[in-house]
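Me: Please take a close look at one part of this model. Begin with a single cross-strand position, then work outward from there.

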Amino acid sequence: GDYGGVENELLTSVEGIQTRKEIEIQPSLVTNQFIIRNMEANHSIAMFDSMGRKVFDKEVYNQEALNVSSFETGMYYIHIYDTNGDIIDVKKLMKL
C-alpha cells in the first residue's frame, strides 16, 4: 500500500537494553525446599503468602536452595527485587 512515501523501518537495535537471564524457581510445587537460579548480585527476594503477609526475605546471589518445610500449605508469591529495591519479577510457588 501507499503510505505517503513513509517506509516502515524495523528497529533491530537492542543497544541500551540490559539483558538478564530468566530467574528460575524449581520446583514450583515444593514440600521442603526450592532452588532459585540466575539471581544477579545485590538482588533480593521476599515471599508473601496468599493473604499478602511477608513470610520471608533474603538477599540471594546466583543460585541458592531455600527451605520452606516449616511454611503452611498454600500458594506463595516470590517478589524479586533489583539493587534499587524495585520489583523486577514475581514468581508463584505452591507449598504442598
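Reply: Start with Phe48, which stands opposite Lys54 in β5. The model is predicted, so local features need pLDDT of at least 70 and side-chain atom pairs need 80 or more, while totals for chains, interfaces and linings use all residues. Numbering runs from 1 along each chain as its sequence is written, and side-chain values use heavy atoms, without hydrogens or water.

Phe48 and Lys54 belong to a hairpin. Its arms are β4, residues 44-49, and β5, residues 54-59. They pair in the antiparallel sense over five bridges (pairing takes at least two DSSP bridges; a strand is a DSSP run of E, at least two residues, and a helix one of H or I, at least four, both numbered from the N terminus). Four residues sit between the two strands. In this hairpin, Gly52 takes a positive phi near 85°.

What lies on the other side of β4? Strand β7 does. Six bridges join β4 to β7, and the two run antiparallel. One of the matched positions is Asp49, whose bridge partner in β7 is Tyr76. So which strands make up the whole sheet, and in what order? It is an open sheet of five strands, ordered β2-β8-β7-β4-β5, and its pairing is mixed. The edges are β2, residues 29-30, and β5. Each of these edge strands pairs on one side only.

Now follow β7, which covers residues 74-81 and includes His79. Is His79 buried or exposed? His79 is buried, because its relative accessibility is 18% (buried is under 20%, exposed is over 50%, partly exposed is in between; 1.4 Å probe, protein chains only). Leave aside neighbours within four places in sequence. His79 then contacts Ser44, Ile45, Ala46 and Phe48, and also Ile87, Asp89 and Val90 (contact means heavy atoms within 4.5 Å). Phe48, where we began, is in that list.

Ile78 also has a long list. Not counting residues up to four places away in sequence, Ile78 touches Ile25, Phe34, Ile45, Ala46, Met47, Asp89, Val90, Lys91 and Leu93. Ile78 also has a place in the largest nonpolar core, a set of 16 residues (a core joins buried Ala, Val, Leu, Ile, Met, Phe, Trp, Tyr and Cys through side-chain atoms within 4.5 Å). The residues with the most contacts inside this core are Phe34, Ile36, Ile45, Met47, Ile78 and Leu93. Strands β3 (33-39), β4 and β7 each supply at least two residues of the core.

Val90 appears with both His79 and Ile78. Val90 sits in strand β8, residues 87-95. Val90 counts as partly exposed, because its relative accessibility is 41%. With neighbours within four places left aside, the contacts of Val90 are Tyr77, Ile78 and His79. Val90 and Ala46 are 44 residues apart in sequence, yet 9.6 Å apart in space, C-alpha to C-alpha.

Tyr76, the partner of Asp49, also leads to the aromatic rings. There are two aromatic pairs (ring centres within 6.5 Å for Phe, Tyr and Trp, with its six-membered ring; planes under 30 degrees apart are stacked, over 60 edge-to-face, the rest tilted). Phe71 and Tyr76 form a tilted pair, 5.6 Å centre to centre with 50° between the planes. Both Phe71 and Tyr76 are buried. Together with Phe56, they form one aromatic cluster.

A few backbone points deserve a check. Most residues other than glycine have a negative phi, and most peptide bonds are trans. Asn42 has a positive phi near 65° and lies in the loop between β3 and β4. Asn62 also has phi near 65°, but its place is in strand β6, residues 62-67. Asn62 counts as partly exposed because its relative accessibility is 42%. The peptide bond from Gln26 to Pro27 is cis, with omega near -15°. Pro27 is in the loop between β1 (24-26) and β2.

Finally, the whole chain. The protein has eight strands and zero helices. Buried residues make up 27% of its 96 residues. Of contacts between residues at least 6 apart in sequence, 49% join residues at least 24 apart. The protein exposes about 6900 Å², and carbon and sulfur atoms supply 46% of that area (Shrake-Rupley method, 1.4 Å probe).
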